[in-house]
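User: Please take a close look at one part of this model, the sheet together with what packs around it, and describe it in a connected way.

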Amino acid sequence: MDISTISKKHQHPAENILMDIATLAKQVPNLLDLSIGDPDLITDERIIDAAFADVKNGHTKYTASGGSQEFIDTVADFYRKQYGLAFKPAQIRATVGALHGMYLTLQVILDPDDEVIIHEPYFSPYKDQVLLAGGNPIFIPTYEEDGFQIDIDILKAAITDKTKAIIINSPNNPTGAVFSPETFKAIADLAIEKEFYILSDEVYEAFCFYDNFVPMATFAPENTITFSSFSKTFAMTGWRIGYMVAPEYINDAAKLINESITYSAPSPSQQAGIYALNHSDSLVPNVVSVFKERLEYLEQRIATIPFLSLHPVKGSIYAFINISKTGMTSVPFVEKVLKETNVLMIPGKAFGETTGDNYVRLAATQDITILEYAFDRIEKMHF
């Protein structure tokens, strides 16, 4: 038996930039890893203690496949109190992280060759999930000079009679951009007019540093499927818990698919999520302030390095650093930095061929002392 016996679409894997860089990184001693969006913070002890107590009290079994009623009601209460949005319980589904919800939704809505618009730079799994669901990803660029906002005229030009959805992500990974309410409204108006879905990845909603976040569902509730997660906001990456909010008929179809995949999200993690959302007012600011401070520090350091620049970061936990003054593209730049400084970042090419290759993404997932150590090394480099 060999690779020829597996599915033909997996016999010739495409170039995987991240795997190549990861292989190189394994050979580097004393690595300063600023690549992966996994916060160094540990889940707040209050969440851990509450979940542990719930597990001791019997929350070790399956919940309903869409999540426990308490979890679903807690999500609905959060959106009502936080954003003034009234979601029905039948619209809400507990998922094993936000990407699980995205996968279910794409499987529900896509027929072969349906098109899904993705704005570059983009979180790389979006493309793969669209392809796995039988759709065609259609990429539109965003540019630093526009604050990485979607240009509505460019979006209009990308819409065809095969357009089924657009995936949006704000606050954005990797750029740190936060789409304005005007941009959201314009996208929503187009979705309503042209009858396509908006798949809104709002995982970084709490990391909107200088403006109040407004969910996309505010503007196009019938067209929007919202995805969120506890991973970043509550430093709960390993708990693998998130949720999706969708029109009831989409959630009903997702239920049929999901019962043959995971059945339900982990019940202890749902309990942790319930506590987290019910105490978000006291828990979230502690996490958000850490990343805001780190990103503001990075802006200050990068401003003093002649061969780097950084558009002001409005949200998320990442810095998307412009390296064009080095004369290098992102992959060789990352390799050079890794070899000379032991600092690992992700090449911007991993987030889009068209607009990413003059950038690298740095995850502010290490303490400021580590960031200082890293940039003390980087600023001594020559290009």
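Analyst: In this predicted model, Ile167 stands opposite Leu199, a residue of strand 6, and this pair is a convenient place from which to read the sheet. Strand 5, covering residues 163-169, and strand 6, covering residues 197-201, run parallel and are joined by five bridges. In general, the strands of a sheet pair through backbone hydrogen bonds, in either a parallel or an antiparallel manner.

The wider sheet is open and has seven strands in the order 2-8-7-6-5-3-4, with mixed pairing. Its edges are formed by strand 2 (92-95) and strand 4 (136-141), each of which pairs on one side only, and from one strand to the next the twist averages 20°.

Two helices can be placed against these strands. Helix 3, made up of residues 69-83, lies across strand 2, strand 7 (224-229) and strand 8 (242-245), and runs at about 70° to strand 8. Helix 8, made up of residues 248-258, lies across strand 2, strand 6, strand 7 and strand 8, with an angle of about 30° to strand 2.

Leu199 also leads from the sheet into the interior, since the largest nonpolar core has 91 residues, and Leu199, Leu308, Ile321 and Phe375 are those that touch the most other members. Helix 10 supplies the largest share of this core, nine residues, while another core, of 19 residues, lies apart from it and includes Ile117, Ile159, Ala188 and Ala191. In soluble globular proteins, nonpolar side chains tend to be buried together.

Phe375 deserves a further word: leaving aside residues up to four places away in sequence, Phe375 touches Leu298, Arg301, Ile302, Ile305, Leu308, Ile321 and Leu362. Leu308, Ile321 and Phe375 are also among the residues that line the largest cavity, together with Ile323, Phe333, Met345, Val360 and Ile378. That cavity holds about 30 Å³ of space, and a search of the whole structure finds one cavity of 30 Å³ or more.

Helix 10, which spans residues 280-303, also contains Arg294. Arg294 counts as buried because its relative accessibility is 3%, which falls under the 20% limit for that class. Again setting aside residues up to four places away in sequence, the contacts of Arg294 are Asp40, Leu41, Ala364, Thr365, Gln366, Asp367, Ile368 and Leu371.

Notes. Residues are numbered from 1 along each chain as its sequence is written. This is a predicted model: local features need pLDDT of at least 70, side-chain atom pairs count only at pLDDT 80 or more; totals for chains, interfaces and linings use all residues. Side-chain values use heavy atoms; hydrogens and water are left out. Two strands pair if DSSP finds at least two bridges between them. Helices (H or I, at least four residues) and strands (E, at least two) are DSSP runs, numbered from the N terminus. Axes are lines fitted to C-alpha atoms, for helices over the stretch in contact, and angles run from 0 to 180 degrees between N-to-C directions. Contact means heavy atoms within 4.5 Å. Buried means under 20% relative accessible area, exposed over 50%, partly exposed in between (1.4 Å probe, protein chains only). A nonpolar core is a set of buried Ala, Val, Leu, Ile, Met, Phe, Trp, Tyr and Cys residues joined through side-chain atoms within 4.5 Å. On a 1 Å grid over the protein atoms alone, a cavity is a set of points where a 1.4 Å probe fits but cannot get out, and a pocket is an open set with protein on both sides within 12 Å along at least five of seven lines; lining residues have an atom within 4 Å of a point. Grid points are joined across faces, edges and corners, and a volume is the space filled by probe spheres set on the points.
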